[in-house]
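Visitor: I have a model open and would like to go through it with you. Could you take me through its helices, loops and buried residues?

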Amino acid sequence: MRVAVYPGSFDPVTNGHIDILEKISRIFDKIIVAVVHNVSKQALFTLDERVELIRESTKHLDNIEVECFSGLLANYLHSKDACAIIRGLRTVADFEYEMHMGMINKRLIPEVDTIFIMADSRNIFVSSSIIKEAALLGGDVSELVPEIVKLKLEAKRREME
Ligand code: ADP
């Protein structure tokens, strides 16, 4: 069985992430979305909320599992018997960082390759951080995130008022 891991913060999941998942779900037998606790990024949603939002937004795909993960990605990949790490590429700025991550992961776990999927042109400018900023200031992000995420962002905004 070809298992791929798609790691990321997903704070929150956006249409950009969903597009990547729709593409790779056709290529691999099973995709594990690994929601990472990133200490250097201030999160708006808890890990459990992020997992739930991804589960709700990927109900139309039948080979996606969603889990939280912390620690070394290489160990996690090994424990899941994964053959690939999936990452999305939007711009050249993404590429530079991703290339370094891909190289270190290749060194740590040589049997696993990083596979880059190009962002759809509609989603090039879509990032979780831009979405959060716009939504919390009252901007309409309904075209950029799944409906459930839009509703959760509205709830967060009301909590902060
Ligand atoms: P991280 O903190 O690991 O970058 P993100 O949730 O921001 O977590 O992104 C997870 C992955 O999804 C990364 O590979 C990122 O490049 C990709 N990604 C994020 N937004 C988009 C988008 N709009 N289109 C395609 N890929 C994206």
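**Helix H1 and the loop before it**

Guide: Thr 14 caps the N-terminal end of H1, with a side-chain oxygen placed 3.1 Å from the backbone nitrogen of Gly 16. Please keep in mind throughout that this is a predicted model.

Visitor: How many of the residues of H1 are buried?

Guide: In helix H1, which spans residues 15-24, 7 of the 10 residues are buried, so the helix is largely enclosed by the rest of the structure. The buried residues are Gly 16, His 17, Ile 18, Asp 19, Ile 20, Leu 21 and Ile 24, and Gly 16 is also the residue whose backbone nitrogen faces the capping oxygen of Thr 14.

Visitor: Going back a little, which peptide bond is cis?

Guide: The bond from Asp 11 to Pro 12 is cis, with omega near 0°, and Pro 12 belongs to the loop between E1 and H1. As background, most peptide bonds are trans, and most residues other than glycine have a negative phi.

Visitor: And what is phi of Phe 10?

Guide: Phi of Phe 10 is near 50°, which is a positive value in a residue other than glycine. Phe 10 is also in the loop between E1 and H1, and with a relative accessibility of 3% it counts as buried, because the cut-off for that class is under 20%.

Visitor: What about Ser 9, buried or exposed?

Guide: Ser 9 is buried, at a relative accessible area of 18%, and it is found in the loop between strand E1 (3-8) and H1. Once its neighbours within four places in sequence are set aside, Ser 9 is in contact with Val 35, Val 36, Asn 38, Lys 41 and Arg 50.

Visitor: Switching topic, where is Asp 81?

Guide: Asp 81 sits in the loop between helix H3 (73-80) and strand E4 (84-89). Its phi is near 55°, a positive value in a residue other than glycine, and Asp 81 is exposed, with a relative accessible area of 64%.

Visitor: Now Phe 69, please: what does it touch?

Guide: Not counting residues up to four places away in sequence, Phe 69 touches Ala 34, Val 35, Val 36, His 37 and Tyr 76. Phe 69 lies in strand E3, residues 64-69, and counts as buried at 8% relative accessibility. Phe 28 is 41 residues from Phe 69 along the chain, and the C-alpha atoms of these two residues are separated by 20 Å.

Visitor: And which residues does Asn 105 touch?

Guide: Leaving out residues up to four places away in sequence, Asn 105 touches Leu 73 and Ile 85. Asn 105 is part of helix H4, residues 92-108, and is buried, with a relative accessible area of 8%.

Visitor: Last topic: at what angle do H5 and H6 cross?

Guide: The axes of helix H5 (residues 128-136) and helix H6 (residues 147-160) cross at roughly 55° and come within 9 Å. That makes H5 oblique to H6, and the crossing of the two is right-handed.

Visitor: Which residues meet there?

Guide: From H5, Ile 131, Ala 135 and Leu 136 meet Leu 153, Lys 156, Arg 157 and Met 160 in H6. The residues of this contact divide into 5 nonpolar, no polar and 2 charged.

Notes:
Residues are numbered from 1 along each chain as its sequence is written. This is a predicted model: local features need pLDDT of at least 70, side-chain atom pairs count only at pLDDT 80 or more; totals for chains, interfaces and linings use all residues. Side-chain values use heavy atoms; hydrogens and water are left out. Axes are lines fitted to C-alpha atoms, for helices over the stretch in contact, and angles run from 0 to 180 degrees between N-to-C directions. Helices (H or I, at least four residues) and strands (E, at least two) are DSSP runs, numbered from the N terminus. Angles under 35 degrees count as roughly parallel, over 145 as roughly antiparallel, 65 to 115 as roughly perpendicular and the rest as oblique. A crossing is left-handed if the near helix is turned anticlockwise from the far one by less than a right angle, and right-handed if clockwise. Contact means heavy atoms within 4.5 Å. Ala, Val, Leu, Ile, Met, Phe, Trp, Tyr, Cys and Pro count as nonpolar, Asp, Glu, Lys and Arg as charged, and the others, Gly among them, as polar. Buried means under 20% relative accessible area, exposed over 50%, partly exposed in between (1.4 Å probe, protein chains only). A polar contact is a pair of N or O atoms within 3.5 Å; within protein, one must be able to donate a hydrogen and the other to accept it, and residues adjacent in sequence count only if both atoms are side-chain atoms.
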